[in-house]
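Work through the exercises below with the sequence and the structure in view. Try each task yourself before you read its solution.

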Amino acid sequence: MNQTVCAASNQANNKEHTKEKFVQYWIRNSLVVAISMAITACSVFTNDSHHKRNYRVNDELKVPGNLTKPYKDPAYDLESAQYTSAEESALYLVKAPAQVLTFAQGSWINEGDKESRIFFDKNEGIQDLESFIWQAIDDLFVERQVTTENKADNFVVTNWHTIEEPIDVWWWEEERELSRQKFKFIVESEEHKRTASVKVELVDFESKYDELTAVLQQRLEVAALNEFIGQFDFNYRQLMVELNKARGIVSLQMGFDDKGNAAFVTEQKARDIFERFPSFLERVGFNIDEIEQSRNLIFATYETPDESVWDSIWGDDVRKLPLEAGQYQLLVAETKTGGTSITWLDAEGETLEPGTLSDTLQVILAMLKERGVTVQ
């Protein structure tokens with residue numbers, strides 16, 4: 001019996017040994033195959049998407065002899081590109097014309113304009129439209145580290161720089177410069193000085209890989225123009241923020257203070273809130289009891305407005321805040337992210353519910369608007 005047990009044990013050991021050798025063999029050979037596939041990926045997974053046989057759009061439409069061939073408009077006749085290799089096709093990608101983006105305030109284009117050009121109307125707050133445009137151009141050059149080669153009263157020519165970069169770069173390849181360009185920015189103003197245009201022209205082009213085509217030239221000019229439009233839009237938004245601050249306009253919206261409590265938030269500084277916000281509160285039914293700027297607190301009492309008989313007769317609804325009559329504390333504090341939060345507390349020092357605070361903000365904004373106070 002011992003011999004039988006030993007034989008069975010040896011047989012089991014042999015099976016385990018054979019299994020272990022098979023696993024090692026499988027893993028070793030699998031790794032070899034995987035490495036081989038990785039090294040020869042281009043030869044294993046061939047890319048024949050640009051093979052000549054795949055282009056059939058230029059083949060003439062075959063029509064039976066007893067039928068009339070349909071009319072073919074030459075305006076929509078497209079040439080098909082043919083490449084001898086995938087690498088060649090990657091270097092000469094066919095791209096659609098680009099579009100000028102008119103997202104900046106007061107910007108527009110002429111439909112059908114063959115030039116890369118955009119027009120601007122003089123917006124609120126801009127004193128000199130042409131000077132504002134030139135400032136945006138200068139700011140763009142500083143941002144993109146572009147130097148100028150030539151400058152006159154109505155145009156500027158850049159030195160060499162790159163607009164487009166390669167999208168896909170393999171880890172073993174270095175990112176290469178597809179091309180470099182020189183652009184001419186032309187600024188023209190109407191006689192009344194309330195409308196001006198900016199036009200971009202490609203004046204020089206160099207590339208080891210790309211041939212300058214009409215479509216590529218248009219794409220590069222529009223890309224440069226769109227970057228300027230983005231800078232113009234940014235500058236104008238900054239201008240409006242400064243104008244609003246100078247006019248004493250408070251921007252109010254729902255948000256959170258640094259402790260996570262629901263609060264009014266504004267981009268203005270806390271000292272400006274202490275100067276201007278109490279007068280807003282008085283316009284919507286509050287009496288200011290005390291201002292303790294050292295403790296960042298404003299104490300105010302809300303009195304519910306009375307509805308008279310005349311209001312119901314003439315249909316004039318008295319606006320009421322969704323608050324109970326009584327005293328409230330407003331905690332004013334500058335936030336870590338910039339701006340200021342206004343946290344509302346009741347007489348017991350408890351913060352108001354977010355829903356109640358949101359409804360209060362909407363009524364306050366509506367009431368201030370009715371009184372001619374612009375709040376954004």
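**Exercise 1.** In this predicted model, find which strand pairs with strand S4, and over how many bridges.

*Solution.* Begin by locating strand S4 at residues 155-158 and strand S5 at residues 180-189, which pair with each other in the antiparallel sense over three bridges. Then look at one position in detail, where Phe155 stands opposite Ile186 in S5.

**Exercise 2.** Describe how S5 pairs with strand S6, and state which residue of their hairpin takes a positive phi.

*Solution.* First, find strand S6 at residues 195-206, and follow its antiparallel pairing with S5, which extends over ten bridges. Next, check a facing pair along these strands: Val187 stands opposite Val198 in S6. Finally, turn to the hairpin that S5 and S6 form, in which five residues lie between the strands and Lys193 takes a positive phi near 65°.

**Exercise 3.** Work out in what order the six strands of the open sheet are arranged, and why one side of S7 and of S9 is left without a neighbour in the sheet.

*Solution.* Step one is to read across the sheet, where the order is S7-S8-S12-S11-S10-S9 and the pairing is antiparallel. Step two is to examine the two edges, which are held by strand S7 (253-256) and strand S9 (286-292); because each has a single partner strand, one side of each is left without a neighbour in the sheet. Step three is to follow the twist, which averages 35° from one strand to the next. As a last step, take one pair from within this order: strand S10 (residues 297-302) and strand S11 (residues 326-334) pair in the antiparallel sense over six bridges, and the bridge partner of Ala300 in S11 is Tyr328.

**Exercise 4.** Determine which strands helix H6 lies across, and which strands helix H8 touches.

*Solution.* Start with helix H6 (residues 270-283), which lies across strand S8 (262-266), S9, S10, S11 and strand S12 (340-345), and which runs at about 160° to S9. Continue with helix H8 (residues 354-370), which packs on the sheet and touches S7, S8 and S12, while its direction makes about 35° with that of S8.

**Exercise 5.** Place these elements within the whole protein chain by stating how many helices and strands there are, and what share of the residues is buried.

*Solution.* Counting along the protein chain gives eight helices and twelve strands. Of its 376 residues, 31% are buried, where buried means under 20% relative accessible area.

How values were computed. Residues numbered from 1 in each chain as written. Predicted model: local features only at pLDDT ≥ 70, side-chain atom pairs only at ≥ 80, totals over all residues. Heavy atoms only, no water. Helix = DSSP H or I, 4+ residues; strand = E, 2+ residues; numbered from the N terminus. Buried < 20%, exposed > 50% of the residue type's maximum accessible area, 1.4 Å probe, protein only. Pairing = 2+ DSSP bridges. Axes fitted to C-alpha atoms, helices over the stretch in contact; angles between N-to-C directions. Contact = heavy atoms within 4.5 Å.
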